[in-house]
Amino acid sequence: IIYRDINPTPANTREAERAGADIIVATGFDEGGTLPGNVLGTFSIVPMIADAVVNVPILAAGGIVDKRTARAAQALGAEGVFAGSVFISTEESRVPQSIKEKIVAANGLDLNLFRTLPDFYRSLPGKLTSKLVAMDKAGASKEEIGGAMGGLRGLRLGMLEGNTDEGYISLGTGIGGITAITSVAEVVEQLTA
């Protein structure tokens, strides 16, 4: 059983361990996709969660894209990584070549952050993303922004169809470490080196 709380805390980690979790994922705000409401970076949350368990291995999630970040996560108490964004730009990924090239060309400073349901999302720039950021800055509710995102339809349009006018491209802050479109095998080799 892999337990991954979107808002990991020492308390819910200990509860998951008592309930029989085999692996616990420490998810930091550096991740892509639906972001935690607790705005703690991966390298703050990993040691906190690692210190909360007794006998369960911890995986680090958020911003881990290469040998350096994987080693840093291990130095902080993780026994492995739970990676996502780094696999989106692989040769085997169904993502369009144009999106893969945008990922390789971008870094974490290029990402736009906005409030939505349940808490936050971030995306590479695009027409829809600009609209969502503007709505957030204008004080729109998370529910209104969530409705404008189009849910998973917006994610599908942006990431799988490359349509950033009507969709968004959600990624973690570590994308600056993705410097080429490589194979999954090469990514795994980097993360486990």
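This passage describes a sheet, a cis peptide bond, salt bridges and a charged surface patch in a predicted model. Residues are numbered from 1 along each chain as its sequence is written, and side-chain values use heavy atoms, with hydrogens and water left out. Because the model is predicted, local features need pLDDT of at least 70 and side-chain atom pairs count only at pLDDT 80 or more, whereas totals for chains, interfaces and linings use all residues.

Helices (H or I, at least four residues) and strands (E, at least two) are DSSP runs, numbered from the N terminus. Two strands are taken to pair if DSSP finds at least two bridges between them. An open sheet of 4 strands has the order 1-2-3-4, with parallel pairing. Strand 1 and strand 4 (80-81) are at the edges and have a single partner strand each, so one side of each lacks a neighbour in the sheet. Strand 1 (residues 2-4) is joined to strand 2 in the parallel sense over 3 bridges, and Ile2 has Ile23 of strand 2 as its bridge partner. Strand 2 (residues 23-27) is mostly covered, with 4 of its 5 residues buried. Here buried means under 20% relative accessible area, exposed over 50%, and partly exposed in between (1.4 Å probe, protein chains only).

Leu117 and Pro118 are joined by a cis peptide bond, with omega about -5 degrees. Pro118 is found in the loop between strand 5 (112-115) and strand 6 (120-123).

The count of salt bridges comes to 6, a salt bridge being a side-chain nitrogen of Lys or Arg within 4 Å of a carboxyl oxygen of Asp or Glu. One of them joins Asp136 and Arg115, with the closest N and O atoms 2.5 Å apart. This pair links distant parts of the chain, as Asp136 is in helix 6 (residues 127-137) and Arg115 is in strand 5, 21 residues apart. Asp136 counts as buried at 18% relative accessibility, and Arg115 as partly exposed at 26%.

Another salt bridge is formed by the side chains of Asp119 and Lys142 (3.5 Å, N to O). Asp119 lies in the loop between strand 5 and strand 6 and Lys142 in helix 7 (residues 142-149), so the pair ties together parts 23 residues apart in sequence. Lys142 is partly exposed, at 23% relative accessibility.

Glu91, Glu92, Glu186 and Glu189 form a negative surface patch. For such a patch, residues with over 30% relative accessible area and no salt bridge are used, and like charges are joined within 9 Å. Glu92 lies in the loop between helix 4 (85-88) and helix 5 (97-105).

Technical notes
Patch = residues over 30% accessible without salt bridge, like charges linked within 9 Å, V, L, I, M, F, W, Y side chains within 5 Å. Areas by Shrake-Rupley, 256 points an atom, 1.4 Å probe, with all protein chains shown as cover. Lys, Arg positive; Asp, Glu negative; His and termini not counted. Charge placed at Lys NZ, Arg CZ, Asp CG, Glu CD.
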